[in-house]
Amino acid sequence: MTRQERNAAVFFVILGVAVVGHALAKLELGTLKEPGPAFFPVICGVGIVALAGYWLVTSLKSVKPWAPLWAKGELAAPVTATVLIVAYSAAMEPLGYLLSTVIFLVAWQQAIEREKWLKTGVIAVCGTAVMYLLFMYLLGVPLPEGMFVE
């Protein structure tokens, strides 16, 4: 196990414990028949702790040589993806779901996937439309309309 893997496993154990602790402190757990708002976060937190603990215990047995977390030149894509996601989140309310999602998918396809423009356009338009229909009509989740819709 590399030091990075051990640190990541410990991080996720702490994260899972924090999720469970926060859910139990702030929300009502409920019962199996009538679960409260804390029920699902507690299950997720316990799952995170269990999986991270298993990862930590099983990988302590294997010894791997040290390796850098990011090879030279591999850091650009995750940084670009993070910037795009943050920009998408910031643009969602003022631009609305449709416009911000089309712009996000075009930027993602060009900056991360390096796709051709035709495929980029098809993915952006179809992806936006399918997700819009899914959230608006199947799930009943209202989406931001933005400044262009009054």
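Contact here means heavy atoms within 4.5 Å, and what covers the buried residues of helix 2 in this predicted model includes helix 1 (3–26). Helix 2 is a good place to begin. Spanning residues 39–60, helix 2 has 22 residues, and the distance from its first C-alpha to its last is 32 Å, close to the 32 Å expected at 1.5 Å a residue. Val42, Gly45, Ala52 and Ser59 are its buried positions. Seen down the axis of helix 2, these buried residues fall within an arc of 150°, so they line one face of the helix. The face turned away from that buried side carries Phe40, Leu51, Tyr54 and Val57, which are exposed.

One pair of alanines gives a view of helix 1 alongside helix 2. Ala8 is found in helix 1 and is partly exposed, with a relative accessible area of 22%; the cut-off for buried is under 20%. Ala52, by contrast, is among the buried residues of helix 2. The C-alpha atoms of Ala8 and Ala52 are separated by 8.4 Å, although the two residues lie 44 residues apart along the chain.

Attention now turns to helix 4. In this helix, which runs over residues 97–113, the buried residues are Tyr97, Ser100, Thr101, Phe104, Leu105 and Gln109. Viewed down the axis of helix 4, they fall within an arc of 160°, so here too the buried residues line one face of the helix. Their cover includes helix 3 (76–95) and helix 5 (117–138). Just after helix 4, Arg114 adopts a positive phi of about 55°.

Some of these helix 4 residues also take part in the largest nonpolar core, which has eight residues: Leu84, Tyr88, Met92, Tyr97, Phe104, Leu105, Ala124 and Leu143. Helix 3 and helix 4 each supply at least two residues of this core. Tyr97 deserves a closer look: setting aside residues up to four places away in sequence, Tyr97 touches Tyr88, Met92, Thr128, Met131, Tyr132, Leu143 and Pro144. Among these partners, Tyr88, Met92 and Leu143 are themselves members of the core.

Further along helix 4 sits Gln109, which counts as buried at 9% relative accessibility. Not counting residues up to four places away in sequence, Gln109 touches Arg114, Glu115, Thr120 and Ile123. Arg114 in this set is the residue with the positive phi just after helix 4.

Thr120, another partner of Gln109, lies in helix 5. Thr120 is buried, with a relative accessible area of 1%. Leaving aside neighbours within four places in sequence, Thr120 is in contact with Val106, Gln109, Gln110 and Glu115. With Gln110 there is also a polar contact, made between the two side chains at 2.7 Å. Glu115 appears among the contacts of Thr120 and among those of Gln109.

Finally, the cysteines can be considered. The count of disulfides comes to zero, taking a disulfide as a pair of cysteine sulfur atoms within 2.5 Å. Cys44 counts as partly exposed at 31% relative accessibility, and Cys126 is likewise partly exposed, with a relative accessible area of 44%.

Technical notes: Residues are numbered from 1 along each chain as its sequence is written. This is a predicted model: local features need pLDDT of at least 70, side-chain atom pairs count only at pLDDT 80 or more; totals for chains, interfaces and linings use all residues. Side-chain values use heavy atoms; hydrogens and water are left out. Helices (H or I, at least four residues) and strands (E, at least two) are DSSP runs, numbered from the N terminus. The expected span of a helix is 1.5 Å times one less than its number of residues. Buried means under 20% relative accessible area, exposed over 50%, partly exposed in between (1.4 Å probe, protein chains only). The arc is that of the directions from the helix axis to the C-beta atoms. A polar contact is a pair of N or O atoms within 3.5 Å; within protein, one must be able to donate a hydrogen and the other to accept it, and residues adjacent in sequence count only if both atoms are side-chain atoms. A nonpolar core is a set of buried Ala, Val, Leu, Ile, Met, Phe, Trp, Tyr and Cys residues joined through side-chain atoms within 4.5 Å.
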